[in-house]
Amino acid sequence: MSTTIGKHVERFDAREKVTGKSVYTGDIKLPGMLHGKVLRSYLPHARIRRVDVEDAVAMPGVVAALTRDRLPIASPYYGSFVKDQPVVALDKVHYAGEIVAAVAAEDEAIAEEALKRISIEYEELPAVITIEDALNKDAPLVHERLEKKPAVFGRGMKSIEHDGSNIYFHVQYERGDVEDGFRSADFIFEDSFFSAANQQYPLESQIAIVDFNGEDFTIWSATQSPFRIRDEIAGLFKVDSKRVRVVIPYLGGGFGAKSVIGAEAVAATLSYMSKRPVRVAFSADEMFKTICQPAAKMIIKTGVKRDGTIVARRSEIYLNSGAYSNSVSSIATKSCYRAHGPYRIPNVTTDAYAIYSNTVPAGAFRGFGGHQTAFAIESHTDMLAHRLRVDPVEFRLKNLLEKGEEYAAEDTPIDCDVKDLLRQLSRAIGWTPEDRKPQQTTTKRTKGVACVVKDGGGTKKEANAIVKVQADGRIVLICGTVEIGQGSSTALSQVVAEQFSCPAEMVEFATIDTAYTPYDTATNATSGVFTMGRAVLQAAQDARDRMLSIAAMALDTSELSLENGKIVCRGKAFNFQEVLHGTEIVGTGECKFDRNEQIPIGYPTPFWEIGLGAAEIEIDEMTGDIRILKFRSITDVGRIINPLHCRGQEEGGILFGIGQTLLEELVYEDGRLINPNLTDYRLPRFRDLPDSLVSVIHEEEEIVGSYQPKGSGESGILAVSAAVCNAIYNCTGIRMLDLPVKRENVWKAMHSIRE
Amino acid sequence: MDAVVIPIHFRLNGENRQAEVRTHELLIDFIRDRLDLTGTKRSCDIEICGACTVILDGKAVSSCSIFAYELDGKELTTIEGLAQGDKLHPLQEAFIERGGFQCGFCTSGMILLAKTLLDQKPNPTRKEIQHYMDANICRCTGYQMILESIMLAAEKMTGKPA
């Protein structure tokens, strides 16, 4: 009966986007709009003695100035875990790049000039930059006071509090008895990995326009989390959330960088002070100083039997959260739960730590910690196989969880035949024992594989949807999933169209406006087509059924069917409006997950995100240059809604992975980020596209529920780093334990091995 | 900071125009704020990403890094000038058919850069496209689908498979 699911439907935003007509936040101009600019600290850690904005305020054209001494808001802190981040620095600055003051002026040039007239006196404090710095026994504390927030988990998982420490969040997962497990092992191997901090770099930086009219805030923002922004702004000004309205234009990408407050808080405060609309658009440099992916250190110790059976694993994960907590506590929780990987390991203990430092605050990033743990786990898995002198693919096949097998007791069973996908991948690349023999030639060429399973869809997410059939026969979908480029507005409309047996073009996706759109947690965790998809499906079925019962009354028969956007009755087709007679139908749907204390995280995993990858690489021994010649991935999306856009998600993810593997790294010197721009921070470009890039999108037969699509935004990224590093080992015998893999390090390692 | 104002004459998407620009006014600001053509996007601001690419006398340039007065006597094409009424340019059609964009923020620049490629070389090879298009950054698509879009556009425009 499928009319649109699984078929190519042109993106709803296609014509607008290729003609330049699509409106992003930065394209909106309001009458009387002021321009806000932000002054940022150049010191990583300092007490603020004095902030003087008198000269700036005296400038003609400057309308408002915001500092800690001019902060007309009820509660200056925000944050998605604990509220630890102020709108402007109060007593201290906690990182170089922190907002210390802001001005709103008639134009950008005046605002920029005004910033130069602000003087600030600091008292410099010792700073901690790296994970090691922050964990040092005598390390200065980034935050003297830690706000305690007990986390509620389920069986086997608990949070542990630390006093007088930069560790603000520590989660531990235990099952079986890890010490017993190690005692029963024939071999124990321990390895340590590091992934550098990265920048999400959506092409559009954080930007917001806020119009406070004396009563209400109206916010146009490039955010992935309209309702979170609403609640945070309401919290800052202690007003009812209905007085804050968030409207979402098109977004120029997100990748996690727009999951929490960006430019909204400063823009809202300046608008509150000036009673005029204020636009705050962060520059590329400012985006680098607003959020990043946490740098991660992971130590994994595994006990194995002589026959290759894994019996125990002890892992430690350290995440550099930067100056504020943001969502890194959740990333720690997720990383903690992922540390045993997709393998059958009876005895596990994992500790994950979120650690403050005087660096740019970390937060959500495509994969939400999945990439860092995957790199460590899948490198380590390969290392185990090599030490046991067994084939890495065979070693994985021996230990991989079966489809239907529990990942952890009571949680959603593994929903994909991962072993079969690994066999398919290994066949497709022609994997042979020859592929893992070190080569003596100057140019070495070989393959590497990795196989990743990650809990997908977020935790405890809530989604609501409304489907209206208007009296004029148009179908309107109202839901809060933000179109950040992933194609969700089209895919979700296809879900509606399927229920009405109509072309997707008959469905209109309503603009998101928190005043009218039903609540949704956020657009993140690849939950769009899964969690929101279910709410949309329910709303569409509800609306369809109501419409059909009205039609049944109008036509005096229950023998009705829907065909091609029409109601068919006794061989005659009616437009919807012909049977609705001026009535409007409203269908509603929701998707929520109930708490289950038996599950470690406390809520069921919505679905398993499956990402396998094989890299074929070439290394030049003379230069250390690594080229990815071929990359092949297999991901499971359950059921494809829109094939072209699905492929776009996977391939985009792979290039993200290539960037993290070979190129991207935020570099600090003297406590300051020294490469906050695209000259010094190298993003993947056309030249980094492998000669052959194949993304195989698998549709696993369902094992739970009737609605099959799974999220697809993050799976492509997962396997890249480990597959590449495993390939490097296979042809050189050199194990790269730190990301990104820099060619000078490869070169040094190859030449020291020779010596 | 009184600015010197310079009168300029130029062609904008096929039409004769004149304006007065300040000496330090950047082309991107002139296009977005004064001409109200917001299809041209600002991202890195330092001529690296190509989101602000426009065509000036047949050459792709980063409008974030040149002055508005440099327009004088030249022909400017922005993304708004590519379609003929409702009829999309073959590149625009191809980007839709082959998934050459997602968030759309790099798209104007990508399409205009690709146009300058196809204007010079109607049937480029995959390698030639990859080399030429390396000037612009896309964070969403992974590039391959842009590459395929350009090959399809070349095919549409020349009638020959690329």
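## Pairing of strands 29 and 32

In this predicted model, strand 29 (residues 626–636) of chain A is joined to strand 32 of chain A by 7 bridges, and the two strands run in the parallel sense. Within this pairing, A:I634 has A:V696 of strand 32 as its bridge partner.

Strands of a sheet pair through backbone hydrogen bonds, in either a parallel or an antiparallel manner.

## The four-stranded sheet

Strands 29 and 32 belong to an open sheet of 4 strands in chain A, ordered 19-28-29-32, with mixed pairing. Strand 19 (443–456) and strand 32 (692–698) of chain A form the edges, each of them pairing on one side only. On average, and with direction ignored, neighbouring strands of this sheet are turned by 15 degrees against each other.

Helix 18 (residues 720–732) of chain A packs on the sheet, where this helix touches strand 19, strand 28 (607–620) and strand 29 of chain A. The direction of helix 18 makes about 150 degrees with that of strand 19 of chain A.

## Contact between chains A and B

The contact between the two chains draws 41 residues from chain A and 39 residues from chain B. On the side of chain A that touches chain B, the elements giving two or more residues are helix 1 (14–19) and helix 16 (643–663) of chain A. Helix 16 of chain A supplies the largest share of that side, with 8 residues.

By residue class, the side of chain A that touches chain B consists of 17 nonpolar, 14 polar and 10 charged residues.

How values were computed
Residues are numbered from 1 along each chain as its sequence is written. Chains are lettered from A and ligands numbered from 1 in the order in which they are written. This is a predicted model: local features need pLDDT of at least 70, side-chain atom pairs count only at pLDDT 80 or more; totals for chains, interfaces and linings use all residues. Two residues are in contact if their C-beta atoms, placed from the backbone, lie within 7 Å. Ala, Val, Leu, Ile, Met, Phe, Trp, Tyr, Cys and Pro count as nonpolar, Asp, Glu, Lys and Arg as charged, and the others, Gly among them, as polar. Two strands pair if DSSP finds at least two bridges between them. Axes are lines fitted to C-alpha atoms, for helices over the stretch in contact, and angles run from 0 to 180 degrees between N-to-C directions.
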